[in-house]
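Trainee: I have a model open and do not know where to begin. Can you take me through a few features?
Mentor: Gladly; let us look together.

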Amino acid sequence: MKSKLAHLHLLITTLFGLWSAAPATAQPAVACPPVAQMPSAEQLQAAQQTARDRGFLWRIERDGRRSYLYGTMHLGKLDWAIPGPQLRGALNSVDTLALELDLTDPALLQQLAASLAGKPDAVTLPAALQQRLARQTAAACLPPAALDSQHPVMRAITLAVLAARWEGLDPSYAQELVLGGFARAAKLSVVSLESVDEQMAALIPAEPAKALLMIGQTLDQLEAGTTRRATARLAKAWAEARLDDLAQYEDWCECVASDDDRNFLKRLNDDRNPALARRIDAVHASGKRVFAAVGALHMTGAMALPKLLAERGFKVERIEFAR
């Protein structure tokens, strides 16, 4: 047990280095969101002892082989970093992990960093938007220039992600990082289902006017507190495996007020699903037994991944988790 815990501690240490914001500024009078701390061996042991299954898992079978589809959260906490018994069984039965992006691949991380930076001057920010971004950067307890190298849209998205820390959720514990780390430790093959360019195209509008609109809307939601409320409910639905609640996301996220909002969510989820299904299919068809882990919202709607994979001839069966 001691060596296993030591290995897990090393793994978590590595994951913390993959997704970390700049250090907080020295402003003791300013309330700062909690930041995930490196867990001790005792904390890891306690998390292992109480580990339970969370999220959404399906068996997908075809060609005499069984693979799995798993709906993830891009944020998390220590208690979520240890797979429960059914997830462990699924991971132990495959030879390949397929992620949207393999964030444990150093070469891919370099590509991602370059793409996130992009061309910061591609969008000229009005003074009012600059001031609002600066206020949210300070509220996240980041140095004023911490995000200046990022594309302006990505600055707003990063701040929205970091706001989840107020809800006890941290990107250091994103399921993709945890699963990728465990897969590499278990010497499974790890593949990316998308390219960095494809993800950035989904996130960042090509037209400057639409990019400015998205920045403003993201800041509106941050300032109104709707980002935190929606993230907390999304996390609860995921942790309790409530797919019915997740399927109603547009009704309660307070993030769909116009056709532009609706089109963004469509581009971010539905429009990517056919390619994701095709690539999961291709990995399975190559003779692999694959555990495909994709953001949970991709499991909902008319273009839900379980539906698309069934249309490709897979027998798809959801595995229900105890609540």
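Mentor: Start just past a helix. Lys-187 follows α7, and its phi is positive, near 60°. Remember that this is a predicted model.

Trainee: Which sign does phi have in most residues other than glycine?

Mentor: Most residues other than glycine have a negative phi. Now look for exceptions here. Asp-63 has a positive phi, near 60°. Asp-63 sits in the loop between β1 (56-62) and β2 (65-72). Cys-141 is not glycine either, and its phi is also positive, near 60°. Its place is the loop between α5 (127-139) and α6.

Trainee: Is Cys-141 buried or exposed?

Mentor: Buried means under 20% relative accessible area. Cys-141 has 2%, so Cys-141 is buried.

Trainee: Back to α7. How many of its residues are buried?

Mentor: Eight of the eleven residues in α7 (residues 175-185) are buried, so the helix is largely enclosed by the rest of the structure. Among the buried ones are Gln-175, Glu-176, Leu-177 and Val-178. Leu-179, Gly-180, Gly-181 and Ala-183 are buried too.

Trainee: How do I read two helices that meet?

Mentor: Check distance, then angle. Angles under 35 degrees count as roughly parallel. Take α6 (residues 152-163) and α9 (residues 208-224): their axes come within 9 Å and cross at roughly 20°. That makes α6 roughly parallel to α9. The crossing of α6 past α9 is left-handed.

Trainee: Which residues in α6 and α9 meet?

Mentor: From α6, they include Pro-152, Val-153, Ala-156 and Ile-157. From α9, they include Ala-211, Met-214, Ile-215 and Thr-218. The residues of this α6 and α9 contact divide into eleven nonpolar, one polar and no charged.

Trainee: What tends to happen to nonpolar side chains in soluble globular proteins?

Mentor: In such proteins, nonpolar side chains tend to be buried together. In this model, the largest nonpolar core has 56 residues. Leu-57, Leu-69 and Phe-291 have the most contacts inside it. Helix α10 (residues 226-239) gives this core its largest share, six residues.

Trainee: What is Leu-57 in contact with?

Mentor: Leave aside neighbours within four places in sequence. Then the contacts of Leu-57 include Tyr-68, Leu-69, Leu-87, Phe-291 and Ile-319. Glu-317 and Arg-318 are also among them. Apart from the largest core lies another, of 32 residues. Ala-156 and Ile-157 are among its members, and both are also in the contact of α6 with α9.

How values were computed:
Residues are numbered from 1 along each chain as its sequence is written. This is a predicted model: local features need pLDDT of at least 70, side-chain atom pairs count only at pLDDT 80 or more; totals for chains, interfaces and linings use all residues. Side-chain values use heavy atoms; hydrogens and water are left out. Axes are lines fitted to C-alpha atoms, for helices over the stretch in contact, and angles run from 0 to 180 degrees between N-to-C directions. Helices (H or I, at least four residues) and strands (E, at least two) are DSSP runs, numbered from the N terminus. Angles under 35 degrees count as roughly parallel, over 145 as roughly antiparallel, 65 to 115 as roughly perpendicular and the rest as oblique. A crossing is left-handed if the near helix is turned anticlockwise from the far one by less than a right angle, and right-handed if clockwise. Contact means heavy atoms within 4.5 Å. Ala, Val, Leu, Ile, Met, Phe, Trp, Tyr, Cys and Pro count as nonpolar, Asp, Glu, Lys and Arg as charged, and the others, Gly among them, as polar. Buried means under 20% relative accessible area, exposed over 50%, partly exposed in between (1.4 Å probe, protein chains only). A nonpolar core is a set of buried Ala, Val, Leu, Ile, Met, Phe, Trp, Tyr and Cys residues joined through side-chain atoms within 4.5 Å.
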